[in-house]
Amino acid sequence: MLKSLVNSVRRNHALEHATISILLTRYGPMRIVGRAAADGFYIYGDIPTDRLRELADEALQRLQKGEAHLAVSPLCGTNIAVAGVLAGLGSYAALGAGQRRLGGISGAIIAAMLAVIAAQPIGRLVQKHYTTSPDLEGVRIVSVKPAGGGLFRVHKVRTAAAS
């Protein structure tokens, strides 16, 4: 059951990335955030519901036709998480106690900077192999509906796997 849940989130994460990628390519830079869930994904941003539906449908079709590159995004939070982990580990190694110490504060700064540089390609690999899955065979979009307002407009794109 856990494996099924994780795979659903990974597929929806890929679909979220593809939808946002197409949106940004077509309409240019804008403030937009996505968050995957087991039953779909949320989009936070000022975009009309019908336009979001069209973009999500196109993203789904393109992923199902093999455009797996759309599943990996340089804007993904996974890249930030990888940068944080790498910077933390590098800094810890540089500031470690006793003989394990590799360079003090200057070493920690250098380690953190190198970690941030390395995080982008490593983050893409983590996305490709762990946090997204472009295999959306049998997946369909059930609905695209507004899910709240406030500072950002929110939509829920609900998906379902083939029965």
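**An exposed isoleucine, a strand hairpin and a pocket**

In this predicted model, Ile105 is exposed, because its relative accessible area is 59% and the cut-off for an exposed residue is over 50%. Ile105 is part of helix 4, an element that covers residues 104–131. Together with Leu95, Ile109 and Met113, Ile105 makes up a nonpolar patch on the surface. The accessible area of these four residues together is about 410 Å². Helix 4 supplies three residues of the patch, the largest share.

The chain as a whole has 163 residues, and 37% of them are buried; a residue counts as buried if its relative accessible area is under 20%. Ile105 does not belong to that group, being exposed. Four helices and four strands are found in the chain. Their order along the sequence is α-β-β-α-α-α-β-β. The C-alpha trace spans about 60 × 35 × 25 Å along its principal axes.

The pairing of the strands was examined next. Strand 1, residues 32–37, and strand 2, residues 40–45, run antiparallel and are joined by six bridges. These two strands form a hairpin, with two residues between them. Within this pairing, Ala36 has Phe41 of strand 2 as its bridge partner. Strand 2 is also joined to strand 4, which consists of residues 154–160. This second pairing is antiparallel as well and contains five bridges. Here Ile43 stands opposite His155 of strand 4. Strand 2 thus has bridges to strand 1 and to strand 4. In a regular strand, side chains alternate between the two faces of the sheet.

The largest pocket in the model holds about 370 Å³ of space. Its lining consists of 20 residues. Those that lie nearest the centre of the pocket are His17, Ile20, Ser73, Leu75 and Cys76. Two or more lining residues come from each of helix 1 (2–27), strand 1 and helix 3 (77–95). Helix 1 gives seven residues, the largest share of the lining. Strand 1 therefore appears in two settings, as an element that contributes to the pocket lining and as a member of the hairpin with strand 2, where pairing requires at least two bridges.

Methods:
Residues are numbered from 1 along each chain as its sequence is written. This is a predicted model: local features need pLDDT of at least 70, side-chain atom pairs count only at pLDDT 80 or more; totals for chains, interfaces and linings use all residues. Side-chain values use heavy atoms; hydrogens and water are left out. Patches are made of residues with over 30% relative accessible area and no salt bridge: like charges are joined within 9 Å, nonpolar side chains (Val, Leu, Ile, Met, Phe, Trp, Tyr) within 5 Å. Accessible areas come from the Shrake-Rupley method with a 1.4 Å probe; for residues, only the protein chains shown count as cover. A salt bridge is a side-chain nitrogen of Lys or Arg within 4 Å of a carboxyl oxygen of Asp or Glu. Buried means under 20% relative accessible area, exposed over 50%, partly exposed in between (1.4 Å probe, protein chains only). On a 1 Å grid over the protein atoms alone, a cavity is a set of points where a 1.4 Å probe fits but cannot get out, and a pocket is an open set with protein on both sides within 12 Å along at least five of seven lines; lining residues have an atom within 4 Å of a point. Grid points are joined across faces, edges and corners, and a volume is the space filled by probe spheres set on the points.
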